Amino acid sequence: MDSLSLPSHLSLRSTYPARKSGFAVPEFVKLHKGPSKSRYLPQRYRMATANREGLNGIEEGDGVIIVDHGSRRKESNLMLNEFVAMFRERTKYPIVEPAHMELAEPSIRDAFSLCVQQGARRVIVSPFFLSPGRHWNQDIPSLTAEAAKEHPGVSYVITAPLGLHELLVDVMNDRIKHCLSHIAGKADECSVCAGTGKCQLRQ
């Protein structure tokens with residue numbers, strides 16, 4: 001599988017094009033008009049991945065918070081810690097902290113404080129979510145704003161969720177290939193399915 005290299009910094013715009021449904025699509029989401037076999041998705045919404053070399057990156061004094069929903073299952077919460085460790089190792093960013101929106105610790109407030117304690121003067125909150133739903137529109141901004149009140153002079157930005165990024169196609173295809181290789185007896189269970197018995201052919 002090719003390495004997953006998501007843009008390291010995505011700034012939110014202050015204005016969004018309106019839609020009848022009341023859901024706002026950020027300006028950085030490009031509309032690519034073209035033929036589609038799906039009547040549910042006549043236009044493909046995806047991030048423009050061209051010229052990523054010109055995008056801004058993490059600077060000195062920046063801290064990153066990767067926030068997921070949070071779960072009552074300890075294993076699910078620990079998976080975020082593993083992802084954050086992978087992200088920190090791959091990007092070499094010095095300040096990267098995990099956070100759970102609810103149900104588990106550390107909270108966004110905790111992670112924000114940890115970033116500031118390590119010297120962050122700007123905090124980048126990156127949602128580990130697929131879709132830009134209510135949590136991205138309301139909950140995460142509200143929780144982050146409350147956390148920032150305790151640290152005057154520290155700015156923050158909330159980036160877009162993963163969304164319809166082209167590299168996610170590679171991620172899903174890799175999952176499919178690995179599971180098919182497992183049921184064919186050519187590969188062990190992946191780390192997600194290990195010990196669950198879920199990755200098997202059923203009739």
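A residue counts as buried when its relative accessible area is under 20%, as exposed when it is over 50%, and as partly exposed in between. Keep that in mind as you look at this predicted model: buried residues make up 31% of the 203 residues in the chain.

**Stop 1: the whole chain**

Start with a cartoon view, coloured from one end to the other. You should find four helices and six strands. Starting at the N terminus, the elements follow the order β-β-β-α-β-α-β-α-β-α. Now think about contacts between residues with a separation of 6 or more: 64% of these link residues that lie 24 or more positions apart.

**Stop 2: the sheet**

Next, select β3, β4, β5 and β6. These four strands make an open sheet, in the order β4-β3-β5-β6, with parallel pairing. Which strands sit at the edges? They are β4 (96-100) and β6 (155-158), each of which pairs on one side only. Turn the view a little and look at how the strands are set: on average, neighbours in this sheet are turned by 25° against each other, direction ignored. As background, the strands of a sheet pair through backbone hydrogen bonds, either parallel or antiparallel.

Walk across the sheet one pair at a time:

- β4 and β3 run parallel and are joined by five bridges. Select Val-67 and you will find its bridge partner, Ala-99, in β4.
- β3 and β5 pair in the parallel sense over six bridges. Here Ile-65 stands opposite Val-125 in β5.
- β5 and β6 also run parallel, with four bridges between them. Select Val-125 again, and opposite it in β6 is Ile-158. Val-123 faces another β6 residue, Tyr-156.

**Stop 3: helices on the sheet**

Keep the sheet on screen and add helix α1, residues 74-91. This helix packs on the sheet, where it touches β3 and β4, and its direction makes about 160° with that of β4. Then add α3, which also packs on the sheet. Its contacts are with β3, β5 and β6, and its direction makes about 165° with that of β6. Follow the chain from β5 through α3 to β6 and you trace a right-handed β-α-β unit.

**Stop 4: the largest nonpolar core**

Switch on side chains. The largest nonpolar core has 20 residues, and the members that touch the most others are Ile-65, Val-67, Phe-112, Val-123, Val-125 and Ile-140. Several of these names will be familiar from the sheet. At least two core residues come from each of β3 (62-68), α2 (108-117), β5 (122-127) and α3 (134-148). Which element gives the most to this core? That is α2, with five residues. In soluble globular proteins, nonpolar side chains tend to be buried together.

Before moving on, select Ile-58, Leu-80, Val-84 and Val-157. They are among the nine residues of another core, which lies apart from the largest one.

**Stop 5: Phe-112 close up**

Zoom in on Phe-112, which has its place in helix α2. Is this residue buried or exposed? Phe-112 has a relative accessible area of 0%, so it counts as buried. Leaving out residues up to four places away in sequence, show what it touches: Ile-65, Val-123, Thr-144, Ala-147, Ala-148, His-151, Val-154 and Tyr-156. Two of the names on that list, Val-123 and Tyr-156, stand opposite each other across β5 and β6. For a distance to try in your viewer, pick the C-alpha atoms of Phe-112 and Ile-124: they are 9.4 Å apart in space, while the residues are 12 apart in sequence.

**Stop 6: charged pairs**

Finish with the salt bridges, of which the structure holds seven. Begin with Arg-134 and Asp-139, whose side chains meet with N and O 2.9 Å apart. Then select Glu-75 and Arg-73, where the closest N and O atoms are 3.9 Å apart. Arg-73 counts as partly exposed because its relative accessibility is 48%.

Now find Glu-146 and Lys-149, which form another salt bridge at 2.9 Å, N to O. Glu-146 has 45% relative accessibility, so it counts as partly exposed, while Lys-149, at 60%, counts as exposed. Last of all, select Glu-59, Asp-62 and Arg-122: salt bridges that share partners join them into one network.

Definitions and conventions: Residues numbered from 1 in each chain as written. Predicted model: local features only at pLDDT ≥ 70, side-chain atom pairs only at ≥ 80, totals over all residues. Heavy atoms only, no water. Core = buried A, V, L, I, M, F, W, Y, C linked by side-chain atoms within 4.5 Å. Buried < 20%, exposed > 50% of the residue type's maximum accessible area, 1.4 Å probe, protein only. Salt bridge = Lys/Arg side-chain N within 4 Å of Asp/Glu carboxyl O. Pairing = 2+ DSSP bridges. Axes fitted to C-alpha atoms, helices over the stretch in contact; angles between N-to-C directions. Contact = heavy atoms within 4.5 Å. Right-handed = clockwise from strand over helix to strand, strands pointing away.
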